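Please look over the sequence and the model below before reading on. The paragraphs that follow go from single residues to the chain as a whole.

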Amino acid sequence: MSSTPHDPFYSSPFGPFYRRHTPYMVQPEYRIYEMNKRLQSRTEDSDNLWWDAFATEFFEDDATLTLSFCLEDGPKRYTIGRTLIPRYFSTVFEGGVTDLYYVLKHSKESYHNSSITVDCDQCAMVTQHGKPMFTKVCTEGRLILEFTFDDLMRIKTWHFTIRQYRELVPRSILAMHAQDPQVLDQLSKNITRMGLTNFTLNYLRLCVILEPMQELMSRHKTYNLSPRDCLKTCLFQKWQRMVAPPAEPTRQPTTKRRKRKNSTSSTSNSSAGNAANSTGSKKKTTAANLSLSSQVPGLGATPNRSLNPGRDGDPCQSTAVTPAGQFKQKH
């Protein structure tokens with residue numbers, strides 16, 4: 001008895017990926033696993049080139065990273081571009097973190113034409129701190145990732161909404177300093193704010209200023225202009241973009257009106273009768289000056305020939321044409 005696809009023990013001859021609707025050999029969550037491995041391979045000697053290579057491997061050229069959380073002074077939301085993403089990850093380790101990885105639980109995937117969206121409502125960012133004291137911080141929240149639909153499967157948008165965090169101190173450290181009230185008081189204080197170090201928070205505040213200046217810095221690097229000239233050109237182009245949109249809608253109605261005029265030109269023959277009434281007098285004058293004998297052959301040979309009978313069949317009242325082509329009434 002041959003096995004069929006409905007048989008639970010049926011194995012496809014094309015492998016386990018035969019019935020998949022995506023051409024990728026890895027799942028989007030596996031990219032997060034690869035990111036965690038790359039972050040674990042970081043060393044203290046990792047420079048800016050290493051972080052740029054890290055961002056190039058896992059983020060698109062136009063990627064954005066967004067963090068949303070609530071501090072004591074209200075909710076915060078920071079969005080940085082691709083050029084600032086490498087520095088963001090490096091500031092995490094500069095704040096005393098020795099290990100960083102992400103854990104995704106019960107994530108949902110949705111496939112689109114050009115992207116793959118991963119929505120994980122139970123995401124945890126785990127950081128291991130070595131200073132000022134040995135502490136493990138679990139930052140929990142919702143992570144929404146959008147990957148490109150290609151072989152590289154890099155991240156286009158990263159949005160992490162932090163809900164809560166926990167700082168875990170080993171019992172062995174508490175037992176060592178059980179007799180020291182000052183150390184216990186220091187251990188009881190939080191070393192992060194919503195799971196983020198002060199280095200990272202200060203960098204995010206600085207990005208509020210740096211992000212709008214990306215255009216100025218790129219223009220200065222490309223054209224070697226002075227900061228004042230870069231600012232003038234950027235402001236002028238921004239002013240042009242603000243002025244240009246209102247001018248575009250005014251062009252569209254003109255083209256539509258022209259099309260309507262062209263379309264109504266085909267119906268000009270129907271209105272020719274109305275125009276003929278206004279120009280009737282001119283046509284009559286022109287017809288009176290023309291010689292009918294030149295247009296109708298044999299008309300001049302019979303000058304007294306009756307063209308139209310008189311009213312009520314009276315043969316005495318009729319219209320005759322003279323050789324000069326003029327109409328006259330004869331009795």
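A residue is called buried when its relative accessible area is under 20%, and exposed when that area is over 50%. The model shown here is predicted.

Take Leu84 as a starting case. Is Leu84 buried or exposed? Its relative accessible area is 8%, so Leu84 is buried. Leu84 sits in the loop that runs between strand β2 (74–80) and helix α3 (85–94). Which residues does Leu84 touch, once residues up to four places away in sequence are left out? They are Tyr203, Cys207, Leu210, Glu211 and Gln214. One of these contacts, Cys207, is itself buried, with a relative accessible area of 2%. A related distance can be checked on the model: Leu84 and Leu204 are 120 residues apart in sequence, but their C-alpha atoms are 9.7 Å apart in space.

A second leucine can be read in the same way. Leu104 lies in strand β3. With a relative accessibility of 17%, Leu104 counts as buried, because the cut-off is under 20%. Setting aside residues up to four places away in sequence, Leu104 touches Glu29, Ile32, Val118, Cys120, Gln122, Cys123 and Leu143. Leu104 and Ala124 are 20 residues apart along the chain, and 6.7 Å separates their C-alpha atoms.

Two of the residues touched by Leu104 are Cys120 and Cys123. How many disulfides does the model contain? The count is 0. The cysteine sulfur nearest to that of Cys120 belongs to Cys123 and is 5.2 Å away. A disulfide needs the two sulfur atoms within 2.5 Å, so a pair at that distance does not qualify. Cys120 is buried, at a relative accessible area of 1%.

Ile32, another residue that Leu104 touches, leads to helix α1. This helix covers residues 28–40, which makes 13 residues. At 1.5 Å a residue it should span 18 Å, and its end C-alpha atoms are 19 Å apart, so the two values agree. Its buried residues include Pro28, Arg31, Ile32, Met35, Asn36 and Leu39. Where on the helix do the buried residues fall? Viewed down the axis of α1, they fall within an arc of 145 degrees, and therefore line one face of the helix.

Next comes the largest nonpolar core, which has 43 residues. Phe59, Leu65, Phe69, Phe89, Tyr102 and Trp158 touch the most other members. Strand β1 (residues 59–71) supplies the largest share of this core, 6 residues.

Phe89 is a useful residue to follow here. Its relative accessible area is 0%, so Phe89 is buried. Apart from neighbours within four places in sequence, Phe89 is in contact with Trp51, Phe54, Phe59, Leu65, Leu100 and Tyr102. Phe89 also forms an aromatic pair with Tyr88. The ring centres of this pair are 5.1 Å apart, and the planes make an angle of 75 degrees. Planes over 60 degrees apart count as edge-to-face, which is why the pair is given that label. Tyr88 is buried as well, with 2% relative accessibility. In the whole structure there are 14 aromatic pairs. One aromatic cluster is formed by Trp50, Trp51, Phe54, Phe58, Phe59, Tyr88, Phe89, Phe93, Tyr102 and Trp158.

Two loop residues deserve a look at their backbone angles. His106 has a phi near 55 degrees, a positive value in a residue other than glycine. His106 is in the loop between β3 (97–105) and β4 (108–111), and at 69% relative accessibility it is exposed. For Met153, phi is near 50 degrees, again a positive value in a residue other than glycine. Met153 is placed in the loop between β6 (135–148) and β7 (155–168). Is Met153 buried or exposed? Met153 is buried, at a relative accessible area of 2%.

Last, consider the chain as a whole. The protein chain has 11 helices and 10 strands. Of its 331 residues, 30% count as buried. Among contacts between residues at least 6 apart in sequence, 52% join residues at least 24 apart.

Definitions and conventions:
Residues are numbered from 1 along each chain as its sequence is written. This is a predicted model: local features need pLDDT of at least 70, side-chain atom pairs count only at pLDDT 80 or more; totals for chains, interfaces and linings use all residues. Side-chain values use heavy atoms; hydrogens and water are left out. Helices (H or I, at least four residues) and strands (E, at least two) are DSSP runs, numbered from the N terminus. The expected span of a helix is 1.5 Å times one less than its number of residues. Buried means under 20% relative accessible area, exposed over 50%, partly exposed in between (1.4 Å probe, protein chains only). The arc is that of the directions from the helix axis to the C-beta atoms. A nonpolar core is a set of buried Ala, Val, Leu, Ile, Met, Phe, Trp, Tyr and Cys residues joined through side-chain atoms within 4.5 Å. Contact means heavy atoms within 4.5 Å. Rings of Phe, Tyr and Trp (its six-membered ring) pair if their centres lie within 6.5 Å; planes under 30 degrees apart count as stacked, over 60 as edge-to-face and the rest as tilted.
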